[in-house]
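Reader: Could you take one chain of this model and walk me through how its parts fit together? Short sentences, please.

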Amino acid sequence: MEIPENIKRKLSIPADEHFYAGHTACQGCGAALGLRYVLKTYGRKTIFTIPACCSTIIAGPWPYSTLDAPLFHTAFETTGAVLGGIEAALKARGIKVKGEDGVMVVGWAGDGGTADIGLQALSGFLERGHDALYIMYDNEAYMNTGIQRSSSTPYGAWTTNTPGGKKHFLEKRHKKKVIDIVIAHNPPYAATASVAYPEDFIRKLKKAQKTPGPSFIQLFAPCPTGWRSPTDKSIELARLAVQTAYFPLFEYENGKYKINMPSPKKEPKPIEEFLKLQGRFKYMTKEDVENLQNWVLREWEKLKKLAEVFG
Amino acid sequence: MPIRKVMKANEAAAWAAKLAKPKVVAAFPITPSTLVPEKISEFVADGELDAEFVKVESEHSAISACVGASAAGVRTFTATASQGLALMHEVLFIAAGMRLPIVIAVGNRSLSAPINIWNDWQDSISERDTGWLQFYAENNQEALDLILMAFKVAEDERVLLPAMVGFDAFILTHTVEPVEIPDQEVVDEFLGEYEPKHAYLDPARPITQGTLAFPAHYMEARYTVWQANENAKKVIDEVFAEFEKRFGRKYQKVEEYRTDDADIIFVTMGSLAGTVKEYVDHLREKGVKVGAAKVTVYRPFPTEEVKELAKKAKVLALLEKNVTFSVGGALFQDFSRALINESEKPKIVDFILGLGGRDVTFKDLDEALAIAQKALAGEEFEEVNWIGLRKEIL
């Protein structure tokens with residue numbers, strides 16, 4: 001559909017569409033939305049690599065493709081390495097990568113494929129300094145294989161291998177802070193983003209495009225299927241994750257931290273507001289909730305301190 | 001003019017890579033192959049090779065980076081061995097399934113446990129079902145030549161499969177021999193620039209590679225890998241012939257040595273072929289009617305050539321540095337398969353020897369010969385025999 005010029009100017013999200021309708025994501029899928037924003041931002045001048053994950057399915061089985069951009073499907077743990085290979089080949093062919101007129105080489109991997117099995121390749125990618133972007137879409141478990149916990153699953157969550165039961169066998173470890181591990185590599189650009197704040201996400205995508213060297217974005221992407229949440233609550237949940245400071249928005253650019261909270265002056269909302277909309281947290285006891293709340297606030301204080309000292 | 005230099009097989013492999021001009025080399029160190037990427041990095045540092053050298057954090061990432069680079073349309077090379085090749089295993093299937101003509105130099109080495117850095121063929125033999133082409137070099141010259149030819153076969157439009165070239169750990173990787181380095185111009189003419197005409201990652205032509213295939217399509221995709229392997233048989237003959245014309249060195253999928261009127265033919269691969277030819281000479285002097293054959297191309301398996309070879313002997317004695325437990329060596333399985341429906345066929349006796357760098361001596365070969373002669377005489381014999389075992393420590 002053609003958008004009239006006078007309206008077009010007001011759009012804060014590009015009108016271009018390179019993510020086709022008819023994809024196979026579940027209703028309310030945050031990852032599908034995220035992928036759509038990436039394609040809107042970079043358009044066709046993008047090469048994707050996607051490991052085995054939900055997006056393998058979302059991108060469509062042969063002979064279909066949801067993406068109007070070249071896409072290379074690869075093995076679960078190889079995103080960082082394949083990114084490096086593609087980037088090296090483009091350079092060898094004299095093709096410009098990154099920058100406004102360059103090709104964006106984008107790795108799009110889930111939390112399991114990043115925080116767990118793909119962590120080594122991610123580290124190699126960051127350390128070697130490839131001119132490419134790695135996006136971890138974080139839906140906090142192995143959703144494609146049937147909702148098994150990953151190291152990015154939060155404390156107190158039900159998953160199919162932290163099933164609750166009589167012995168209260170829920171996830172007992174706090175969420176792994178992949179973004180902190182990434183920042184330890186001192187990349188030129190790293191950020192968190194959320195599908196609930198598309199303008200912020202797109203701004204960060206553009207910054208990643210502009211900044212030479214490896215970039216990383218951890219995108220919070222709700223999964224109604226795995227979180228046992230209503231499919232029309234995904235955006236609300238993603239927003240609450242930010243507002244409770246459970247998943248704060250910030251960026252790390254050339255050694256400096258900058259917090260990008262939508263309402264910087266507001267105190268974080270209680271974590272219960274994020275938890276209560278999701279079936280996966282319904283087995284938590286009062287102590288569990290307290291434990292998670294304390295962790296959230298401690299991590300939030302830590303981040304504020306970092307932004308204060310290294311801002 | 002070609003120059004002759006004294007060098008190790010590792011250096012010969014690096015020289016082959018330099019001559020083939022890959023655009024991306026991704027590698028991770030492992031004994032005994034480390035010297036290959038090391039030498040290539042020197043070529044890159046000295047401006048003698050214009051390639052991106054990706055210093056990856058594992059072999060798994062080495063092959064993954066090669067897969068990404070090859071998919072993005074450039075000639076790609078790496079080297080590894082043993083555990084490193086085993087670590088690449090799942091991605092080897094992906095490279096073949098996606099029809100990416102990557103070439104790997106493999107310094108053939110044993111697999112753990114126990115830890116052992118020395119020669120046998122278990123590493124690449126264990127990858128025989130991945131769809132990769134496999135070549136085995138007898139000496140350092142063959143290592144260089146076969147890598148050049150591997151690129152040419154792999155990149156042929158009728159093939160488009162990755163290829164590995166094996167050369168024995170230490171026996172070749174670390175042993176110097178005179179090697180003729182062909183002229184760059186002749187290699188350029190022989191190999192040409194790699195121009196991907198098939199699917200590759202190009203924003204101007206968005207395509208999806210390696211996508212999910214349902215049961216309705218998966219088998220056909222795998223069948224094309226079968227077809228490509230079949231096509232490779234003819235392409236290899238063509239490439240061997242062209243190589244001989246240009247460089248004067250003759251290659252055959254199965255090379256025979258003194259097989260005329262032989263009762264027993266010893267069949268082997270790699271550097272062991274040199275030892276076996278010597279042994280054949282030694283026996284022939286004593287009037288024993290034996291010959292030798294070397295399998296240079298292991299995948300695609302040279303079924304027709306093996307059938308022809310089988311017609312020449314009453315016993316085929318297979319000398320193998322690999323084992324499938326409870327079955328025997330890989331050649332034993334493949335030779336048996338090739339000959340199973342032949343109306344007349346020789347006896348086949350299998351010998352497992354030289355594992356983990358154990359020297360194979362004439363004494364070992366005498367042990368094998370004695371068993372092969374039992375088969376020749378129509379006596380009972382063991383089909384699979386471990387040769388040179390130190391029974392006192394078992």
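Author: The domain assignment splits chain B into domain 1 (3-247) and domain 2 (254-393). Such bounds come from an automatic or database domain assignment. This is a predicted model: local features need pLDDT of at least 70, side-chain atom pairs count only at pLDDT 80 or more, and totals for chains, interfaces and linings use all residues. Residues are numbered from 1 along each chain as its sequence is written, and chains are lettered from A and ligands numbered from 1 in the order in which they are written.

Start with the two domains. Over C-alpha atoms, the centres of domain 1 of chain B and domain 2 of chain B are 28 Å apart. Their contact takes 28 residues from domain 1 of chain B and 19 residues from domain 2 of chain B. Two residues are in contact if their C-beta atoms, placed from the backbone, lie within 7 Å. On the domain 1 side, α5 (122-125), β6 (133-136), β7 (163-168) and α8 (215-247) of chain B each supply at least two residues. These labels are DSSP runs numbered from the N terminus: helices are H or I with at least four residues, strands are E with at least two. α8(B) gives the most to that side, with five residues. By class, the side has 13 nonpolar, nine polar and six charged residues. Here Ala, Val, Leu, Ile, Met, Phe, Trp, Tyr, Cys and Pro count as nonpolar, Asp, Glu, Lys and Arg as charged, and the others, Gly among them, as polar.

Now the sheet. Seven strands of chain B form an open sheet in the order β3-β2-β4-β5-β7-β6-β13, with mixed pairing. Strands pair if DSSP finds at least two bridges between them. β3 (52-55) and β13 (297-299) of chain B stand at the edges with a single partner strand each, so one side of each is left without a neighbour in the sheet. From one strand to the next, the twist averages 20°. Helix α3 (residues 59-71) of chain B packs on this sheet and touches β2 (24-27), β3 and β4 (76-80) of chain B. The direction of α3 of chain B makes about 165° with that of β4(B). For such angles, axes are lines fitted to C-alpha atoms, for helices over the stretch in contact, and values run from 0 to 180 degrees between N-to-C directions. Within the sheet, β5 (residues 103-108) of chain B and β7(B) pair in the parallel sense over six bridges. There B:V103 stands opposite B:A163.

Next, a helix. α12 (residues 362-376) of chain B has 15 residues. Its first and last C-alpha atoms are 20 Å apart, close to the 21 Å expected at 1.5 Å a residue. That expected span is 1.5 Å times one less than the number of residues. The buried residues of α12(B) include B:L365, B:A368, B:A372 and B:L376. Buried means that 20 or more other C-beta atoms lie within 10 Å of a residue's own, with C-beta atoms placed from the backbone. An α-helix has 3.6 residues a turn, so residues three or four places apart point the same way. The buried residues of α12(B) pack against β11 (264-268), α9 (272-285), β14 (315-320), β15 (347-352) and β16 (384-386) of chain B. Just after α12(B), B:G378 takes a positive phi of about 80°.

Finally, one residue. B:I264 lies in strand β11 of chain B. B:I264 is buried, with 25 other C-beta atoms within 10 Å. Among the residues that B:I264 touches are B:V315, B:A372 and B:L376.

Notes:
A residue is buried if 20 or more other C-beta atoms lie within 10 Å of its own, exposed if 12 or fewer, and partly exposed in between; C-beta atoms are placed from the backbone.
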